[in-house]
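Q: Could you take me through the surroundings of the ligand in this structure, step by step?

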Amino acid sequence: MRVYITGVSSGLGKALAESFLNEGNSVIGLGRRNNIEHPNFEFIHCDLKDPSFIEQFKFIPDEEGCILINNAGVLGPLKRIMDQQSNQIQEVMTVNALAPMLLCQKFLQEIPVKKRTAILNISSGAANRAIPSWATYCASKIALDRFSESIYLEELEMSRSLKVYSIAPGVVDTPMQQAIRSASEQDFSDVAKFQGMNENKQLLTPNEVAFKIVRFLALPFDGKVVHSINELGN
Ligand SMILES: NC(=O)c1ccc[n+]([C@@H]2O[C@H](COP(=O)([O-])OP(=O)(O)OC[C@H]3O[C@@H](n4cnc5c(N)ncnc54)[C@H](OP(=O)(O)O)[C@@H]3O)[C@@H](O)[C@H]2O)c1
């Protein structure tokens, strides 16, 4: 099977890429940086801030099926919206929501129905609640949830049963969490909560989250698109 994953240089994307490679799949990683070397791994350099890259990109079908995982994401500055630059708001929406939507569209256009195994968008618990200083991030992740549910309904209308998921991975020990913990309390009022979770060792590891996701993707689809990591079993 061929698995396309955005954002493989660190954290969850890297762990997902390594899990799929360990299971004997081919992985195509898309992003700005890479440190994976494997005979079945190919890296495509791109900056997802630039949607023109996606216009030129081509998905290649695989006889054993294809999965698209939109994992790349950015938090943006941990500051109130009035203290941000407009291009920072645009970057978060483009990388977290617009690029995944355009990649989903291309995937559906270019991979024949029988070769499509699944689409997985990496969402966040921030899709379900408003968080001061994360306004754009929250908005980008709820956009991904509704988009995923809508394309699943479109597939159903065409009597297809493509697995489409939008999964919130929990609080995962990645560079993104390091950035959250190092915000100033003046800019981000919830920072102590995240520092406490780290001190109390409550973070999940990227490998355990990747393991649950890979196992979950292999299960039959029951039509529920939006999930949190807690729903994927132990
Ligand atoms: N960690 C958590 O607690 C948590 C919780 C909920 C949701 N998530 C979500 O999980 C996903 C993975 O995040 P992570 O925690 O693993 O963080 P991470 O280690 O910071 O990884 C983010 C990935 O996104 C890529 N990326 C960022 N901007 C990009 C751009 N302009 N073009 C291409 N790639 C770009 C980065 O690669 P390069 O910088 O090399 O390009 C990196 O590989 C994100 O969607 C995040 O929102 C994480």
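A: Here is a walk around the ligand, from its neighbours to the pocket that holds it. This is a predicted model, where local features need pLDDT of at least 70 and side-chain atom pairs count only at pLDDT 80 or more, while totals for chains, interfaces and linings use all residues. Residues are numbered from 1 along each chain as its sequence is written, and side-chain values use heavy atoms, with hydrogens and water left out.

Let's start with the neighbours. The ligand is surrounded by 31 residues, with S9, S10, N71, Y137 and T174 the closest; a residue is near if one of its heavy atoms lies within 4 Å of the molecule. By class, this shell has 14 nonpolar, 12 polar and five charged residues. Here Ala, Val, Leu, Ile, Met, Phe, Trp, Tyr, Cys and Pro count as nonpolar, Asp, Glu, Lys and Arg as charged, and the others, Gly among them, as polar.

Now for single atoms. An N or O atom in the side chain of S9 is 2.7 Å from an oxygen atom of the ligand, and an N or O atom in the side chain of R32 is also 2.7 Å from a ligand oxygen. V172 takes part through its backbone, with a polar atom 2.8 Å from an oxygen atom of the ligand.

On its own, the ligand has 870 Å² of accessible area, and the protein covers 95% of that (Shrake-Rupley method, 1.4 Å probe).

Conventions:
Polar contact = N/O pair within 3.5 Å; in protein donor to acceptor, adjacent residues only side chain to side chain. 1 Å grid on protein atoms, 1.4 Å probe; cavity = no way out; pocket = protein on both sides within 12 Å on 5 of 7 lines; lining within 4 Å. Sits in = over half its atoms within 2 Å of the grid points.
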